[in-house]
Amino acid sequence: MLIPIAVLLAICFKTGNLFVGLSFAIVTGLVVGFLGGLFTFSDIVSIDYATSGLKGMIFEGIYGMLDVAVSTILLYGLIAVAVDGGMLEKCCNWILSRKFTGTKRGAEAVLMGGTIVINILLAGCVLPSILMFGDMADRIGQESGISPERRSILLTANATNFSSIVPINSAFVMGSVTIINEMVQNHSYLPHVTPFAIFCCSFYCLILTGICVFWVATGIGREPGRMKKMGKISATNHV
């Protein structure tokens with residue numbers, strides 16, 4: 001079943017279209033699994049005559065995503081209300097009126113803290129958090145002289161650090177615990193996991209948090225880029 005994953009990666013890298021890649025990968029996975037004897041046609045689609053319901057991995061996948069789809073729709077509605085209602089603009093004006101945004105280090109700390117807070121409030125949903133805080137981060141970064149590349153890295157990195165795996169409300173952690181505990185019911189040799197255990201083992205997110213704090217505190221990559229740009233301007237004026 002690594003073949004569908006290879007097909008997914010190849011198509012996504014070639015076309016840059018995730019939906020096309022997923023479509024071909026799903027079809028490839030069904031064909032490979034069926035021809036390889038991993039499952040039968042009834043495992044894909046079947047009818048439960050006792051309940052008159054549809055069963056199979058296709059419908060189970062759809063049913064499993066209904067909660068996520070509905071919550072995503074409600075979440076984007078919340079973001080639209082916050083943006084169109086002017087709440088984010090007022091928050092941005094208040095932040096820019098404070099003295100701590102007068103320096104690049106202070107502005108970067110605000111971008112880092114704001115992204116983390118929004119991501120935690122939105123249950124660690126990375127993309128909605130970036131969309132909700134993106135305009136604020138862009139405006140604060142522009143008025144503070146932070147380069148677009150640096151503020152985009154701060155935004156995406158802090159949305160995927162520890163704020164996305166907080167044990168008490170992370171959608172990723174809760175989803176993982178649910179899936180693993182369902183597997184434990186069918187395979188007793190598997191260990192039970194807790195949200196805190198997943199948090200402690202998410203080394204990428206934890207290490208990325210330390211890197212973000214170190215990057216903002218030391219300003220590595222901030223001044224050299226600025227001096228390099230000033231050097232180009234000076235050289236152009238000299239010519």
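**Salt bridges, rings and a surface patch**

Arg150 is buried, with a relative accessible area of 6%, and I would like to start there, keeping in mind throughout that what we have in front of us is a predicted model.

Which residue does Arg150 form a salt bridge with? The partner is Glu108, and the closest N and O atoms of the two are 2.4 Å apart. Arg150 lies in helix α8, residues 148-159, while Glu108 lies in helix α6, residues 104-121, so this pair ties together parts that are 42 residues apart in sequence. Glu108 counts as buried too, because its relative accessibility is 0% and buried means under 20%. Arg150 has another neighbour to point out, since it lies over the face of Trp215, at 3.8 Å from the ring centre.

How many salt bridges does the structure hold? There are 3, and I will now go through the other pairs.

The side chains of Arg151 and Asp138 meet in a salt bridge, with a distance of 3.0 Å from N to O. This pair links distant parts of the chain, with Arg151 in helix α8 and Asp138 in helix α7, residues 126-144, the two being 13 residues apart. Is Arg151 buried or exposed? Arg151 is buried, with a relative accessible area of 8%, whereas Asp138, at 32% relative accessibility, counts as partly exposed.

The next pair is Arg139 and Glu143, whose side chains meet in a salt bridge at 3.4 Å, again N to O. Both sit in helix α7, and because they are 4 residues apart there, they are separated by about one helical turn. Arg139 is partly exposed, with a relative accessible area of 30%, and Glu143 counts as exposed at 53%, because exposed means over 50%.

Let me turn from charges to rings. A pair of aromatic rings is described by the distance of the centres and the angle of the planes. The structure holds 1 aromatic pair. Phe196 and Phe199 form that pair, which is stacked, with 6.4 Å from centre to centre and 25 degrees between the planes. Since these two residues are 3 residues apart in helix α10, residues 195-201, they are separated by about one helical turn. Phe196 counts as exposed, at 55% relative accessibility.

Now to the surface. Which residues form the nonpolar patch there? They are Ile47, Tyr49, Leu54, Met57, Ile58, Ile62, Tyr63 and Leu66, and together they have about 800 Å² of accessible area. Helix α4, residues 57-84, gives the most to this patch, with 5 residues. Ile58, which is found in helix α4, counts as partly exposed at 35% relative accessibility.

I will finish with a residue that we have not yet met, namely Thr209, whose place is in helix α11, residues 203-218. Thr209 is buried, because its relative accessible area is 14% and the cut-off for buried is under 20%. What does Thr209 touch, if we do not count residues up to four places away in sequence? Thr209 touches Met112, Asn161 and Phe162.

To go back to where we began, Arg150 has a salt bridge with Glu108 and also lies over the face of Trp215, and that would be a good place to look when you open the predicted model yourselves.

Notes:
Residues are numbered from 1 along each chain as its sequence is written. This is a predicted model: local features need pLDDT of at least 70, side-chain atom pairs count only at pLDDT 80 or more; totals for chains, interfaces and linings use all residues. Side-chain values use heavy atoms; hydrogens and water are left out. Buried means under 20% relative accessible area, exposed over 50%, partly exposed in between (1.4 Å probe, protein chains only). Contact means heavy atoms within 4.5 Å. Patches are made of residues with over 30% relative accessible area and no salt bridge: like charges are joined within 9 Å, nonpolar side chains (Val, Leu, Ile, Met, Phe, Trp, Tyr) within 5 Å. Accessible areas come from the Shrake-Rupley method with a 1.4 Å probe; for residues, only the protein chains shown count as cover. A salt bridge is a side-chain nitrogen of Lys or Arg within 4 Å of a carboxyl oxygen of Asp or Glu. Rings of Phe, Tyr and Trp (its six-membered ring) pair if their centres lie within 6.5 Å; planes under 30 degrees apart count as stacked, over 60 as edge-to-face and the rest as tilted. A charge sits over a ring if NZ of Lys or CZ of Arg is within 6 Å of the ring centre and within 35 degrees of the ring normal.
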